[in-house]
Amino acid sequence: MKVRRFLGAAALAIVAGAAQAASYPEPLANEPIPNVVELSAQYPASWIYVQDLHFNSLPDGRAAIVDVAADARAFKGQVPVAQFGTLLPSTTRPDIYVAETFFSRMTRGERTDVITIWDKATLKTKGEIVLPGGKRGQFVTLRNSFQLTNGEKWALLFNFTPASSVSVIDIDARKILNEIDLPGCSLVYPTGPRGFTSLCADGTMTSIELDDAGKVAASSTSKPINDIDHDPMFMTPAMVGKTAWFVTFKGNIHGLDLANAKARDLGVFPMPKEKTAEGEWRPGGWQVISADAAGRLYVLMNPAGKEGSHKDGGSEVWVVDPARKQRVARIPLQNPAVSVEVTAQSAPLLVASRSDGSLDVYDAASGAFQRTLAQVVHDPMTMTASR
């Protein structure tokens, strides 16, 4: 009897297993190996570039390409950005430009500075422009060390040896057109149809107009507009059209009109000044201001603001309407952030990068938290929205 019961139970198990197996879908077909998928040559407005300085391995910096609207498979690809490099996506061409530095023995030996040109769709190199002299400025990434002008036909690259200068580079011809000495001035802010402005150590700004050969056609220096000693500006602005909106260490908003050959000072207006138990609300972080397509400004704020706290990061984002010169919203962050960026969508997303390499994503209109993209990179100092 025991044997019969065992055999009967086994038969029932086999029948049940066969019925269950019959309900399973067919196995997936084998995937071809290798299987390389190309991206679109024009990235969606929900994509951003997250530049990873990679402090623990500076020759191995990179930039991740991330869809911050995606709950799954948000990471789309990456390109190398070596040795304190700077990434610059084109908005008119399917190109990504990277100003970077290599040494023949990785960390020592002969130095070569280049602009590497990457294809947006394939993420393969299209060429490079070798930069002589070992002059490219190397520091924690600032977007305004490398910019485009003249309808994105030319690149402007800031050099620092520690003498400061700007190289004018023809992207199409892949050659240097000119090098312009800028004693006491730093970085480049594209100005007018073909030129740039630099901020200077004495608080002035110098505007350079270029001719069709990349030579200096005209230059002018303003009166002091940047209070270097008491309330200096963070050096990365939010761009709204051709207006650069800077925020100062103490929480004031300063506008520069860059539409014409000579930059024009639009003046300063304050954000609310609020004391806290730890100090006061002040801007803090690395990339502390961004803007949406409607022109609203988003400023990363630290409740423990004081002298020297400007790099500490923040726990709120204040939304400012520069036309009304008013704060219009406050967005508490789920986690402290070091940088912020806003996507170019009609319904924009606010992206806050964390020191652990993760990105927190919020609805920029309501401030509602949407998702965390965990550990996208190592050290997310700079973000650039696709436009």
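**Cavity, pockets and side-chain contacts**

Strands β1 (47-52) and β29 (380-385) each contribute at least two residues to the lining of the largest cavity. Strand β29 contributes the most, with three residues. The model is predicted: local features need pLDDT of at least 70, side-chain atom pairs count only at pLDDT 80 or more, and totals for chains, interfaces and linings use all residues. Residues are numbered from 1 along each chain as its sequence is written, and side-chain values use heavy atoms, with hydrogens and water left out.

The chain holds one helix and 29 strands (DSSP runs numbered from the N terminus; helices H or I, at least four residues; strands E, at least two). Its C-alpha trace spans about 105 × 55 × 40 Å along the principal axes. Of the 387 residues in the chain, 51% are buried (under 20% relative accessible area; exposed, over 50%; partly exposed, in between; 1.4 Å probe, protein chains only).

Empty space was searched on a 1 Å grid over the protein atoms alone. A cavity is a set of points where a 1.4 Å probe fits but cannot get out; a pocket is an open set with protein on both sides within 12 Å along at least five of seven lines; lining residues have an atom within 4 Å of a point. Points are joined across faces, edges and corners, and volume is the space filled by probe spheres set on them.

The whole structure yields one cavity of 30 Å³ or more. The volume of the largest cavity is about 30 Å³. Its lining consists of Tyr49, Gln51, Leu87, Arg143, Thr382, Met383 and Thr384. By class, three of these residues are nonpolar, three polar and one charged (nonpolar: Ala, Val, Leu, Ile, Met, Phe, Trp, Tyr, Cys and Pro; charged: Asp, Glu, Lys and Arg; polar: the others, Gly among them).

The largest pocket has a volume of about 900 Å³. It is lined by 37 residues, of which Thr91, Gln147, Glu152, Met239 and Arg387 are the closest to its centre. Six elements are named as giving two or more residues to this lining: β4 (86-89), β8 (146-149), β12, β16, β21 (289-291) and β29. Strand β8 gives the most, with four residues. The lining of the largest pocket divides into 17 nonpolar, 14 polar and six charged residues.

The second largest pocket encloses about 320 Å³ of space. Of its 15 lining residues, Leu142, Phe234, Met235, Trp286 and Lys311 are the closest to the centre. The lining of the second largest pocket has ten nonpolar, four polar and one charged residues.

The structure contains nine aromatic pairs (ring centres of Phe, Tyr and the six-membered ring of Trp within 6.5 Å; stacked, planes under 30 degrees apart; edge-to-face, over 60; tilted, the rest). The pair of Tyr43 and Trp47 is tilted, because the planes meet at 45 degrees; the centres are 4.9 Å apart. Tyr43 is buried, at 3% relative accessible area. Trp47 is also buried, at 8%. Phe234 and Phe249 form another tilted pair, at 4.8 Å centre to centre and 55 degrees between the planes. This pair links distant parts of the chain, 15 residues apart. Phe234 lies in the loop between β15 (216-221) and β16 (238-240), and Phe249 in the loop between β17 (243-247) and β18 (252-257). Phe234 is buried, at 7% relative accessibility, whereas Phe249 is partly exposed, at 22%.

Ring pairs also join Tyr43, Trp47 and Tyr49 into a cluster. Tyr49 reappears here from the cavity lining. Lys120 sits over the face of Tyr43, 5.7 Å from the ring centre (NZ of Lys or CZ of Arg within 6 Å of the centre and within 35 degrees of the ring normal). Arg327 lies over the face of Trp318, at 4.4 Å from the ring centre.

One disulfide is counted (a pair of cysteine sulfur atoms within 2.5 Å). Cys185 and Cys200 form it, with their sulfur atoms 2.0 Å apart. The torsion about the S-S bond is about 90 degrees, so this disulfide is right-handed. Distant parts of the chain are linked: Cys185 in β12 (residues 185-190) and Cys200 in β13 (residues 195-200), 15 residues apart. Cys185 is buried, with a relative accessible area of 5%. Cys200 is buried as well, at 5%.
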